[in-house]
Amino acid sequence: MSRPGPEIPPLSVTDAQRAVLEGWLRRRSTAQALAQRSRIVLECADGRSIMEVSRRLRIAPDTVRTWRRRFLEHGLDGLCDEPWPGVPRKITDADVERVIVRTLEEKPKNATHWSTRSMAAATGMSQSTVSRIWRAFALAPHRSQTFKLSTDPFFIDKVRDVVGLYLDPPEKALVLCVDEKSQIQALDRSQPVLPMMPGVPERRSHDYIRAGTTTLFAALEVATGKVIGSLHRRHRAVDKEVPASLQVHLILDNYATHKTPDVKKWLLAHPRFHLHFTPTSASWLNLVERWFAELTQKKLKRGVHRSVQALERDIRAWLTDWNEQPRPFVWTKTADEILDKVAAYCHRISDSGH
């Protein structure tokens, strides 16, 4: 018979400790590691379990246990890194903070971001010292990422609707993810492609000749992975391919072209078709985008086509080959998990903006 595990002591914070922890979260110059530890303590202080905090912050349960225990034993001091034994440091905490604050809150006069050399010149430290400080606090001024947040007022409702179709599709119905991949370019390299040899990768010229473009319309069947595709935007292709006895649920983007009078008239004449729109600026929610990524990576990215007709032949051949052994993409996250992740990301964006 199994025995119960050790009882976990409750964690509580005083008003003064909470003020300090929330201040570390709001301050832009706080290191990521310290901000994460502060968030762990605050989450635990709100009564959440270790596993719940681990899931909400997307970190390992052992990490939550470690900093929870350190706070219980040493308070706020326990969240700071312990000094390493050995030779006394020549760089003080004030020097480290000066580099961090300058990295996060200032820019060099002649550039958009700091380099180790420019920061070393500005602070009087060595380049290797600046590099070590940046690595210790996970700072990388040379890196940049883009993001796009949906402003759709019905974002939550649409996420639940679309994910519900993925995880619990209706009976006697097909769920199809529909979209178009526009402006597919027929590219021919300016020089012949040199084949791969032992020790030498395949080589191709960086410049190319553009022969034209085409557009692929595709409908991915969620259950089987089969794709209905057309290189001419004829939406009736789906109607011809799907058995008349089945209801059809179409997941598609929120563009106005799907809501024109002609489309509405067609839907009235075909009542078995039901439209489900992804939120604005949320094409990642449409599974057919994952199939487009396969097509791009395995056929288009390194393909050489001297004409649009050659490009279209290759796409049709690849589509036929795919449908001989279709592979469905399995959606694993629930709507609640997606919305929690989006909320956490928005929270981080909001914190970094203070």
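## A helix across the sheet

Let's start with helix H11, which lies across E1, E2 and E3 and runs at about 30° to E1. Keep in mind that this is a predicted model. The strands under that helix belong to an open sheet of five strands, in the order E3-E2-E1-E4-E5, with mixed pairing. At the edges sit strand E3 (227-230) and strand E5 (273-277), each of which pairs on one side only. On average, neighbouring strands of this sheet are turned by 30° against each other, if you ignore direction.

A bit of background helps here. Strands of a sheet pair through backbone hydrogen bonds, and they can do so parallel or antiparallel.

## Walking through the strands

Which way do E1 and E2 run relative to each other, parallel or antiparallel? They run antiparallel, and 12 bridges join them. To find one spot where these strands meet, look for Leu187, which stands opposite Arg210 in E2. For E1 and strand E4 (residues 247-252), the picture is parallel, with five bridges between them. Here Cys177 has Ile251 in E4 as its bridge partner.

Now go to E2 and E3, which run antiparallel and are joined by four bridges. You can spot Phe217 standing opposite Ser230 in E3, while Ala219 has Ile228 in E3 as its bridge partner. E2 and E3 make a hairpin, with five residues between the two strands. In the turn of that hairpin, Gly225 has a positive phi of about 90°.

## Leu174 in strand E1

Strand E1 is mostly covered, with 12 of its 17 residues buried. Leu174 lies in this strand. Why does Leu174 count as buried? Its relative accessibility is 13%, and the buried label applies because the cut-off is under 20%.

What does Leu174 touch, once you leave out residues up to four places away in sequence? The list is Glu221, Val242, Leu246, Gln247, Val248 and His249. Take His249: it is 75 residues from Leu174 in sequence, but the two C-alpha atoms are 6.1 Å apart in space.

## Two nonpolar cores

The largest nonpolar core has 36 residues. Those with the most contacts inside this core are Val159, Tyr166, Cys177, Leu216, Leu287 and Trp291. Both helices and strands feed into it: helix H8 (155-167), strand E1 (173-189), strand E2 (208-221), helix H11 (288-300), helix H12 (308-324) and helix H13 (335-352) each supply at least two residues.

Let's zoom in on Val159. Setting aside neighbours within four places in sequence, Val159 is in contact with Gly164, Pro279, Leu285, Ala335, Ile338 and Leu339. There is also a second, separate core of 18 residues, and Ala35, Val41, Val53 and Leu79 are among them.

## A cluster of rings

How many aromatic pairs does the structure hold? There are six. One of them is formed by Trp291 and Trp318, a tilted pair with 5.6 Å from centre to centre and 55° between the planes. This pair links distant parts of the chain, since Trp291 is in helix H11 and Trp318 is in helix H12, 27 residues apart. Both Trp291 and Trp318 are buried.

Then there is the pair of Trp322 and Phe329. Their ring centres are 6.0 Å apart and their planes are at 25°, so this pair is stacked; the cut-off for stacked is under 30 degrees. Trp322 and Phe329 are buried too. Ring pairs link Trp291, Phe292, Trp318, Trp322 and Phe329 into a cluster.

## The two sides of helix H7

Finally, have a look at helix H7 (residues 127-136). Which of its residues are buried? Thr129, Val130, Ile133 and Trp134 are. They sit on the same side of H7, because they cover an arc of only 135° around the axis. An α-helix has 3.6 residues a turn, so residues three or four places apart point the same way.

What do the buried residues of H7 pack against? Their partners are helix H5 (93-105) and helix H6 (116-123). On the face turned away from the buried side, H7 carries the exposed residues Arg135 and Ala136. After H7 comes Ala138, with a positive phi near 55°.

Notes: Residues are numbered from 1 along each chain as its sequence is written. This is a predicted model: local features need pLDDT of at least 70, side-chain atom pairs count only at pLDDT 80 or more; totals for chains, interfaces and linings use all residues. Side-chain values use heavy atoms; hydrogens and water are left out. A nonpolar core is a set of buried Ala, Val, Leu, Ile, Met, Phe, Trp, Tyr and Cys residues joined through side-chain atoms within 4.5 Å. Buried means under 20% relative accessible area, exposed over 50%, partly exposed in between (1.4 Å probe, protein chains only). Contact means heavy atoms within 4.5 Å. Two strands pair if DSSP finds at least two bridges between them. Axes are lines fitted to C-alpha atoms, for helices over the stretch in contact, and angles run from 0 to 180 degrees between N-to-C directions. Rings of Phe, Tyr and Trp (its six-membered ring) pair if their centres lie within 6.5 Å; planes under 30 degrees apart count as stacked, over 60 as edge-to-face and the rest as tilted. The arc is that of the directions from the helix axis to the C-beta atoms.
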